[in-house]
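Reader: I should like to learn how to read a few features of a protein model. May we begin with a helix and its two sides?

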Amino acid sequence: VDDAGIVEQFTAARRDRHLAVLEGFHAVKHAIRFGAELAALVGTDAAAARRLTEELAPDLEGTFSHRLRIVAPETFSRLAPRAPRTGVMAIALRPRFDLDTVLSDPADEPVVLLEDPRHLGNVGACVRVAAAASACALLTTGSLDPWQPDSLRGAAGLHFALPVGHVTELGRHDRPLIALRPDGEVLDPARLPSRAVLAFGTERHGISERLLAQADRSVAIPMRAGVSSLNLATCVAAVLFAWRLRKAD
Ligand SMILES: C[S@@+](CC[C@H](N)C(=O)[O-])C[C@H]1O[C@@H](n2cnc3c(N)ncnc32)[C@H](O)[C@@H]1O
């Protein structure tokens with residue numbers, strides 16, 4: 001494949017729901033570390049990529065040295081709307097996602113449900129913190145594809161560390177459903193049940209009446225008077241780490 005072929009490959013991958021375009025060294029690093037199967041790995045400077053690998057991902061030196069294909073900087077700049085400064089990008093196969101497998105997972109860890117999120121950077125930040133906190137999975141509803149490149153960039157490629165999928169609705173399941181909303185009862189981490197689905201609402205309008213009606217309880221992160229709400233990803237982080245730190249006691 002010549003450089004023009006690489007540009008075509010990346011352009012097509014952005015529209016392909018079976019593929020993930022990874023922009024930047026950190027996204028590529030995490031994806032490989034958590035088992036991503038690569039379809040392409042490109043960069044502008046072999047020596048710079050080697051230095052980054054030695055410094056930040058010595059465990060992955062073999063993959064980088066074997067797979068990295070060097071392209072001209074002009075070609076690289078055409079692979080993404082904002083070419084990453086680290087000079088590395090990749091295409092990976094998205095892992096298989098199955099909602100029933102996620103919902104029937106017997107482990108204690110919660111599932112994060114984002115209802116109709118509107119900002120891909122927020123979705124990525126939620127994936128990143130869900131991976132860090134060992135959440136069971138992250139699900140989204142609504143119009144956005146959580147695997148879009150901007151979300152992968154915000155997550156630093158951590159979509160490969162846990163199941164991440166778009167769903168139309170939850171369907172039947174046996175998990176407690178806890179809705180997060182600023183006017184719920186004050187969150188007591190000790191009362192967060194195992195295997196919960198933690199549901200967070202859309203950035204502007206909050207959680208829908210329909211989802212609230214399905215919830216077993218609604219809980220709030222207490223805030224100083226005058227502050228109306230937390231940013232979506234900040235709220236996901238606060239709740240997941242309240243749960244995780246309680247578990248570590
Ligand atoms: C930016 S907020 C939406 C604000 C919206 N006006 C509302 O009243 O819910 C996005 C989501 O983060 C969660 N959230 C934000 N602050 C919260 C808090 N203090 N307690 C519980 N959930 C919160 C909720 O799930 C909310 O739907």
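Author: The face of helix H3 turned away from its buried side carries the exposed residues Arg-51 and Glu-55. Buried means under 20% relative accessible area, exposed over 50%, and partly exposed in between, with a 1.4 Å probe and protein chains only. Helices (H or I, at least four residues) and strands (E, at least two) are DSSP runs, numbered from the N terminus. This is a predicted model, in which local features need pLDDT of at least 70 and side-chain atom pairs count only at pLDDT 80 or more, while totals for chains, interfaces and linings use all residues. Residues are numbered from 1 along each chain as its sequence is written, and side-chain values use heavy atoms, with hydrogens and water left out.

Reader: Which residues of H3 are buried?

Author: In H3 (residues 46–56) they are Ala-49, Leu-52 and Thr-53. Seen down the helix axis, these buried residues fall within an arc of 100°, so they line one face of H3; the arc is that of the directions from the helix axis to the C-beta atoms. They pack against helix H2 (25–33), helix H4 (61–67) and S4, where contact means heavy atoms within 4.5 Å.

Reader: How should the strands be read?

Author: Two strands pair if DSSP finds at least two bridges between them. Here an open sheet of four strands has the order S1-S4-S2-S3, with mixed pairing. Strand S1 (19–23) and strand S3 (69–70) are the edge strands, each pairing on one side only. S1 and strand S4 (residues 88–93) run antiparallel and are joined by five bridges; Val-21 has Ile-91 in S4 as its bridge partner.

Reader: Is Asp-145 buried or exposed?

Author: Asp-145 counts as buried, because its relative accessibility is 6%. Asp-145 is found in the loop between strand S6 (137–140) and helix H8 (149–154). Not counting residues up to four places away in sequence, Asp-145 touches Arg-17, Arg-94 and Leu-120. Its side chain also reaches the backbone nitrogen of Trp-147 at 2.9 Å.

Reader: Where does a similar reach appear at the start of H3?

Author: There, a side-chain oxygen of Asp-45 comes to within 3.0 Å of the backbone nitrogen of Ala-47. A polar contact is a pair of N or O atoms within 3.5 Å; within protein, one must be able to donate a hydrogen and the other to accept it, and residues adjacent in sequence count only if both atoms are side-chain atoms.
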